Every structure is written in structure tokens, then in C-alpha cells.
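Good morning, colleagues. Please look at the sequence and the structure on the screen while I go through one sheet and its surroundings.

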Amino acid sequence: MPHSVRRRMIAQRRKFTGEATEQAAPGVRGRSHGLDECTLEQRRFRAVLAVLMLNEHTDHNLGQDTVARCIASSVLRQMIHISARPDELVVLSDIPHHLIQKVLPRDVASTVHGIPGLRCLDADPDGRWYRFLHVGTGGMFRLQYAGPTPEEYCFRPEPDWPDSWNPVTPLQTLTENEAHVLAQIPAMHDDLETLLAGLVVRLSCKDPDDRWALGELDWDPLRRRHPKAVTYRRYLWGSGNDWILHYNGPIPADDIAVALTDARIGIAGARIAGHQDGLVRVERGTASLEISNYTAPYDRVRPFAPRTPPSRHRPAERALRT
């Protein structure tokens with residue numbers, strides 16, 4: 001491919017993701033922005049990560065509450081940028097050394113805090129990045145400084161720096177608690193995995209013309225006046241290929257739907273298939289994701305218990321490897 005075409009694609013991707021050129025370049029493939037071009041292991045890991053990060057303060061069912069109690073959603077409140085590459089998911093931050101404490105799993109009572117199945121793999125000798133393996137899916141995850149590494153953080157662990165950090169993977173299998181948490185996540189078909197994985201890699205994207213922005217679903221980069229919630233609630237669940245994302249906070253449901261389907265940066269084959277009464281449905285192949293936002297003070301008076309997704313004929317599903 002001519003270098004000029006590649007440079008234009010990198011430049012276009014950067015406008016949406018906020019990546020630097022050297023961060024965006026490894027992800028660009030052919031004439032594609034590359035956000036969704038990844039290995040099967042990476043796609044599955046990103047879909048699992050979507051479920052872990054987008055369930056918060058929900059008591060709709062026991063399995064979902066078990067997932068929500070991992071509090072992996074806390075990563076989205078750390079002013080991050082997400083950089084998608086074919087063989088790993090990179091989270092860019094000014095405090096990756098701090099995020100290590102949030103993503104590494106810790107058994108707590110009958111659940112896990114952090115990302116179940118994540119293991120330390122290797123790290124930059126100067127502390128610029130830290131890489132992890134997810135043993136449940138085989139996906140790779142990296143925490144990396146968004147800019148130059150502050151000298152005061154190099155080789156200076158914080159008091160609660162994880163003792164398990166080392167270049168050798170300490171555990172190749174899931175713990176009993178990790179296996180229990182991940183087993184609660186419903187099986188997904190390929191099309192649904194692609195939608196959820198695509199949602200994760202776009203959580204920090206923003207339209208360069210200020211038509212939409214996701215802000216990790218935590219803050220509004222466009223500074224629109226939307227009601228703030230007392231307690232943020234997020235619900236991402238479903239069965240087979242029919243799933244629902246229901247949440248409160250400052251980001252309109254339309255923004256998520258457009259980010260997934262935008263002709264310049266969206267998922268290939270994804271389309272908006274329905275829009276009514278504040279609910280928008282995105283489809284790709286046989287998969288359907290219904291998206292809606294409810295605002296305060298609704299969340300102050302009673303917990304949200306969304307309806308069950310409609311039953312549809314669906315292809316065979318693939319369960320998580322343990």
C-alpha cells in the first residue's frame with residue numbers, strides 16, 4: 001500500500017482516538033483504521049472486558065452482580081485513552097503504575113476485584129509500559145504512559161505495588177474465584193463479540209467535528225448539559241446475540257450508536273436498525289445491541305431492572321475457555 005495512503009489512514013484514526021502517530025500506526029491495517037482488526041483471542045478478551053467494565057451497581061441477577069462486584073469499571077474513571085492493535089489492547093494513561101493496582105485480580109471473599117484471569121507478563125525496563133496476559137481468553141493487555149515517562153515514577157514502586165509483578169507468568173490457570181466470575185458471562189456468537197469488542201476500543205473516541213463523543217461513558221468531552229447521576233449504574237447483559245446496554249450518565253445513547261456505525265471509524269457491517277423512545281438498536285450480522293440511557297433522578301428512587309432481550313434464532317455460541 002502506498003505510504004501516502006497509510007499516512008492518511010493513520011491521520012484519520014488519530015482524529016477520533018486522540019492517539020499520537022506512533023501509537024496509532026501499529027494498529028492501522030491495509031486501508032482500514034484497524035480498531036477492529038485483531039486476533040480471535042483479542043476479540044474475545046475485549047468482549048469479556050466490555051462485560052466486566054460496563055456492569056456497575058446492578059443487582060438484576062446473581063450472575064451479573066458477581067461480575068459487577070469486580071469493580072473493573074473503575075478503570076474508566078482514570079482519564080485514559082484506548083489504543084487498539086491487532087495483538088493487544090493498550091490503555092494509555094498518565095498513571096499506568098497506579099492502574100496496575102486496579103486491573104490485577106485479587107480474590108476477595110467469594111469474588112474477585114480487578115480483571116479475573118489477568119496475569120503479569122513483562123514490562124519495559126524503564127517503566128514506560130506493563131504488559132499482561134489474560135489466561136481466560138489468551139488476549140494481551142498493556143498499560144502504557146501516554147507521553148514521556150515521568151522520571152519520578154521509574155523504578156519507584158508505590159507502597160502497595162503488586163508483589164506478583166515479574167516477567168514470568170505466575171499462574172497459567174484461573175483461580176476458583178476467577179473461573180466462577182468468568183463463568184457467569186453469557187456465551188456469545190462472533191457477531192456479538194465484534195460489537196462488544198468494538199464498543200470497548202471506542203470508549204475514548206470523539207468525533208473531530210464534535211458530533212459525538214463517548215468519554216468512557218463517564219464524562220462528556222463536548223460539555224453538553226446533561227443531568228448527573230447520584231450513583232452511576234451500567235448494565236450490559238444478554239443472551240446469545242440479543243444484548244442490552246442500559247446506563248445513566250452524561251453520554252447520549254445516540255453517541256454510542258453513531259460511534260459504532262460511523263462510516264469513517266465504525267465497525268464494518270454495523271448499522272443502526274431502530275430508534276424509538278430513547279432506545280437505539282445497533283445490529284451487525286445476527287447480533288443486536290439495544291442501547292438506552294436513563295437519567296437522574298430515576299436512579300435515585302429505585303434500582304434498574306431492564307426487560308429481557310427478545311428471543312431470536314441464533315447460531316451456535318462459544319463459551320469462554322477456562
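On the two faces of strand 2, are the residues buried or exposed? In this predicted model, Glu-88, Val-90 and Leu-92 on one side are buried, and so are Leu-89, Val-91 and Ser-93 on the other. The strand spans residues 88-93, and 6 of its 6 residues are buried. As a general point, side chains in a regular strand alternate between the two faces of the sheet.

Let me turn to the neighbours of strand 2. Strand 1, residues 81-85, pairs with strand 2 in the antiparallel sense over 5 bridges. With 2 residues between them, these strands form a hairpin, and His-81 stands opposite Leu-92. Strand 7, residues 140-145, pairs with strand 2 in the parallel sense, also over 5 bridges. Here Val-90 has Arg-142 as its bridge partner.

Taken as a whole, the sheet is open and has 5 strands in the order 1-2-7-6-5, with mixed pairing. Its edge strands are strand 1 and strand 5 (118-123), each of which pairs on one side only. On average, neighbouring strands are turned by 25° against each other, direction ignored.

At the strand 5 edge, 5 bridges join strand 5 to strand 6, residues 129-134, and the two run antiparallel. One bridge there sets Asp-122 opposite its partner Arg-131 in strand 6.

Finally, I draw your attention to helix 3, residues 40-53. This helix lies across strand 1, strand 2, strand 5, strand 6 and strand 7, and runs at about 50° to strand 2. Thank you for your attention.

Definitions and conventions: Residues numbered from 1 in each chain as written. Predicted model: local features only at pLDDT ≥ 70, side-chain atom pairs only at ≥ 80, totals over all residues. Heavy atoms only, no water. Buried < 20%, exposed > 50% of the residue type's maximum accessible area, 1.4 Å probe, protein only. Helix = DSSP H or I, 4+ residues; strand = E, 2+ residues; numbered from the N terminus. Pairing = 2+ DSSP bridges. Axes fitted to C-alpha atoms, helices over the stretch in contact; angles between N-to-C directions. Contact = heavy atoms within 4.5 Å.
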